[in-house]
Amino acid sequence: MKKAKRNAAIGLIVFILLVAGGVYAVLQGLGSDAVGRAKDIPLGLDLQGGVSVTYEIQEKDATDEQIDATIDKLQRRVDTYSPDAEVYKQGNRRITVEIPVDTSKYDPNAILDALGRPGKLEFLDSENYEKFAGGNGDYKAALTGSDVKNAEGGRIQDNTGADEYVVSLQFSDEGGQKFADVTGANVGKPIYIVYDGKVVSAPTVREQISGGSAQIDGMKDYEEASNLASTIKIGALPLTLKELSSQVVGAKLGSDALRTSLIAGAIGLMLIFLLMIIVFRFPGFIAAVALSVYTVLELFFLNSLHITLTLPGLAGIILSIGMAVDANVIIFTRIKEEIGQGKTVKTAVKAGFEKAMSAIIDGNITTIIAGIVLLIMGTGTVKGFARTLILGIVLSMFTALVITRFLLNVFVSLGLTSKKFYGAAKTPKVSKYSKGFRYSAVFSVAVILIGIAFVFVNKGIGTRGNGLNYSLEFSGGTSTSVTFNEPYTLQKVESDVLPVFVEAGIDSSKVQIQIVDNSNQVVFKTSNLDEEARATLAGKLKEKFSITDDKIDSQNISSTISQETQRDAILAVVIASLLMLIYIAIRFSDARFGVSAVLALIHDVLFVFCAYSVMYLSVGGTFIACMLTIVGYSINSSIIIFDRIRENLKEMNPSKYSYAEIVDTSISQTFTRNIYTNLTTFLTIFMLFILGVASLKEFTLTLMVGVVAGTYSSICITGPLWLWLRTKLNSKEDNSEPKKVAKA
């Protein structure tokens with residue numbers, strides 16, 4: 001006994017030291033690179049701001065190799081601005097570039113100008129340049145952008161020691177031979193470098209240049225050399241790209257707003273800790289410690305794995321926190337049940353973990369399946385959600401099954417075995433949930449039909465026009481950038497500028513406003529405006545605010561999230577749902593469990609859809625994140641119910657008890673788990689809703705709707721739906737009428 005206590009004490013000391021080391025790593029980082037430091041977690045474009053550009057591939061027969069090479073070259077270009085910059089394929093024919101940067105340190109407009117509009121890069125000799133300049137199109141380029149590997153601006157010293165600014169070029173093997181041929185045939189003549197139809201440089205050839213590299217000299221300063229190098233590097237692409245949209249994105253949340261959100265999250269965690277301690281006593285305190293460790297690990301790995309944190313990523317973290325709490329609730333509920341049956345604390349702790357294991361593993365694996373599918377098939381915001389979700393789920397399983405278990409065993413070994421510290425569960429009163437299924441089904445169908453009906457109602461309302469309130473991300477439109485003579489706040493823009501849009505015949509209620517940090521620029525996003533409407537708006541803006549033409553930039557933009565991406569996201573959710581169905585069917589040896597889980601999942605998603613249609617909330621990137629969060633959360637709640645039904649099918653012989661009694665008993669036994677888990681998740685989201693910034697309001701509101709819907713469906717829909725599939729679709733097993741009164 002003494003040895004066991006000594007080992008437990010040593011284990012506790014080692015644990016405390018390890019946690020202290022983790023806290024230090026999160027605060028200060030490890031090593032010279034400060035690995036794991038929380039303040040260095042990379043922030044996505046929606047949290048930090050920066051530049052976003054979407055291009056369309058012009059070649060209709062572009063190969064996958066050409067597209068990959070184009071993305072690779074663009075990625076190497078934008079890496080010079082930010083290590084978190086991302087270039088990715090969007091749909092079949094689009095490439096998006098996102099460069100998150102601190103707009104207080106970098107001029108995002110300058111970055112956008114430097115990034116340019118990737119077009120065709122060609123090297124022409126004098127003869128072909130004359131044909132090109134003549135406009136007849138019958139010319140042949142000596143080299144194209146695909147022949148250039150790299151271009152760098154630099155400074156060297158000549159023989160006198162004076163500085164000279166040059167551009168160093170590197171060619172591919174084939175390009176080097178082409179360059180040697182054209183320079184050998186044109187000594188003493190210029191080689192014209194044409195980018196997007198314009199001559200950007202015309203250096204004179206002094207001698208034949210071989211070896212695959214060259215230098216262009218004669219630059220007046222480093223800036224000129226750097227700009228020319230950037231132009232060549234950007235243009236050195238295998239494919240021709242047309243800019244569909246380019247925008248400077250001010251941080252949606254900003255540093256102050258992000259700090260507010262973190263405070264809200266911290267308060268939510270404190271409330272969770274308090275609730276867990278009140279409900280589960282000493283194990284609740286252990287859960288608070290384990291969740292604190294989870295938070296430290298989450299922050300450490302977000303930095304060390306260089307996972308860019310985005311708004312959808314925050315959704316993934318919220319979901320994984322909920323599942324971390326859920327795992328502890330399942331374990332502690334089981335422990336209380338075992339103690340209530342008269343077992344010792346030590347035996348109850350062991351049995352509690354063993355009986356909770358399958359539910360925790362199944363619930364987390366099904367959610368990880370969804371995350372992996374979304375990570376593979378998704379793009380942009382969807383990937384951000386998937387990365388943080390998978391990381392959070394893995395860490396939540398570790399903290400619940402390893403940290404919580406370790407700490408409980410340590411304190412049991414140290415002698416904390418009084419049942420008053422753990423509590424004992426009473427046998428729950430069994431309610432007839434299955435009997436109320438018909439009423440629940442009618443209610444659910446009514447809510448869903450109301451949500452669908454509002455899609456048509458919205459179309460008939462003049463100020464709306466669309467069934468859903470699609471944001472510019474989904475609908476596309478016109479972006480008008482205005483640089484005023486003074487900085488404008490959001491309130492001042494709404495009071496002074498929006499009336500001008502009304503005068504120009506534009507619905508001001510549908511204008512999205514974006515204040516560009518540290519500048520006088522404001523970006524207005526509207527539905528598509530034709531040339532006449534844009535001219536009218538520009539004229540009224542110039543008259544009202546005494547600004548010139550060069551201060552107004554108006555352009556039509558394509559959807560940031562294209563139809564292809566929307567389709568891919570939906571397809572990913574469908575595939576994930578099917579894989580989860582298959583997994584559940586295999587694990588539970590009954591396909592009806594899988595079908596019931598997916599139907600309950602669809603039920604919860606439709607409830608959230610109703611919130612979007614009835615309240616006419618903005619449907620954009622956060623809509624996808626919200627739906628994905630509900631998918632992950634809903635499936636976990638279903639798993640808990642099914643795990644208890646599976647257990648009771650063995651303990652409550654169907655020859656003595658009806659399936660209805662088994663389902664009712666299972667729901668009653670897991671009722672408190674559903675309430676506590678969903679309440680803790682709701683508290684976290686509610687604090688973000690109360691204290692968070694405006695851009696999080698709609699997001700958190702719909703998440704709360706999803707949590708409430710998930711709570712309702714897990715109690716009133718999931719189990720009874722399985723019962724209906726089990727009995728009504730298989731008459732041979734229809735024993736829904738009690739054979740014997742179940743003892744509570």
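I began with a single residue, Ile263, and found that Ile263 sits in helix H8. Before going further I noted that I am reading a predicted model, and that Ile263 is partly exposed, with a relative accessible area of 44%.

**Surface patch.** I then looked up what surrounds this residue on the outside, and I found that Ile263 joins Ile267, Leu271, Phe686, Ile690 and Leu691 in making a nonpolar surface patch of about 440 Å². Two elements, helix H8 (254-280) and helix H20 (659-691), each give two or more residues to the nonpolar patch. Ile263 can belong to such a patch because its relative accessible area is 44%, and patch residues need over 30%.

**Overall picture.** I turned next to the protein as a whole, where I counted 22 helices and 17 strands. Of its 744 residues, 53% count as buried, while the accessible surface comes to about 33400 Å², with 57% of that surface belonging to carbon and sulfur atoms. I also looked at contacts between residues at least 6 apart in sequence, and noted that 77% of them join residues at least 24 apart.

**Nonpolar cores.** I wrote down as background that in soluble globular proteins nonpolar side chains tend to be buried together. Which residues touch the most other members of the largest nonpolar core? They are Ile331 and Leu408, in a core of 117 residues. Helix H12 (residues 381-413) gives the most to this core, namely 16 residues. Leaving aside residues up to four places away in sequence, I listed the residues that Leu408 touches as Phe282, Pro283, Ile286, Phe332, Ile335, Val349, Phe353 and Tyr422. Apart from this core lies another, of 24 residues, and I noted Phe123, Ile191, Ile232 and Ala236 among them.

**Salt bridges.** My search of the whole structure gave 16 salt bridges, and I followed several of them residue by residue.

The side chains of Arg206 and Asp217 meet in one of these, at 3.1 Å from N to O. Arg206 belongs to the loop between strand S9 (198-201) and strand S10 (213-219), whereas Asp217 is in strand S10, 11 residues apart from its partner. I recorded Arg206 as exposed, with a relative accessible area of 65%, and Asp217 as partly exposed, at 29%.

Asp362 forms a salt bridge with Arg587, and the closest N and O atoms are 2.7 Å apart. Asp362 lies in helix H11 (residues 345-377) and Arg587 in helix H17 (residues 563-588), so this pair ties together parts that are 225 residues apart in sequence. Are the two partners buried or exposed? Asp362 is buried, with a relative accessible area of 0%, whereas Arg587 is partly exposed, at 34%.

The side chains of Arg646 and Asp643 also meet in a salt bridge, again entered as 2.7 Å from N to O. Arg646 and Asp643 are separated by about one helical turn, because they stand 3 residues apart in helix H19 (residues 621-651). Arg646 is buried at a relative accessible area of 17%, and Asp643 is buried at 5%. Salt bridges that share partners also join Arg334, Glu337, Arg644 and Glu647 into one network.

**Arg334.** I closed with this network member, which is found in helix H10 (residues 311-340). Arg334 counts as buried because its relative accessibility is 4%, where the limit is under 20%. Not counting residues up to four places away in sequence, Arg334 touches Gly352, Lys355, Ala356, Asp643, Arg644 and Glu647.

Terms used: Residues are numbered from 1 along each chain as its sequence is written. This is a predicted model: local features need pLDDT of at least 70, side-chain atom pairs count only at pLDDT 80 or more; totals for chains, interfaces and linings use all residues. Side-chain values use heavy atoms; hydrogens and water are left out. Patches are made of residues with over 30% relative accessible area and no salt bridge: like charges are joined within 9 Å, nonpolar side chains (Val, Leu, Ile, Met, Phe, Trp, Tyr) within 5 Å. Accessible areas come from the Shrake-Rupley method with a 1.4 Å probe; for residues, only the protein chains shown count as cover. A salt bridge is a side-chain nitrogen of Lys or Arg within 4 Å of a carboxyl oxygen of Asp or Glu. Helices (H or I, at least four residues) and strands (E, at least two) are DSSP runs, numbered from the N terminus. Buried means under 20% relative accessible area, exposed over 50%, partly exposed in between (1.4 Å probe, protein chains only). A nonpolar core is a set of buried Ala, Val, Leu, Ile, Met, Phe, Trp, Tyr and Cys residues joined through side-chain atoms within 4.5 Å. Contact means heavy atoms within 4.5 Å.
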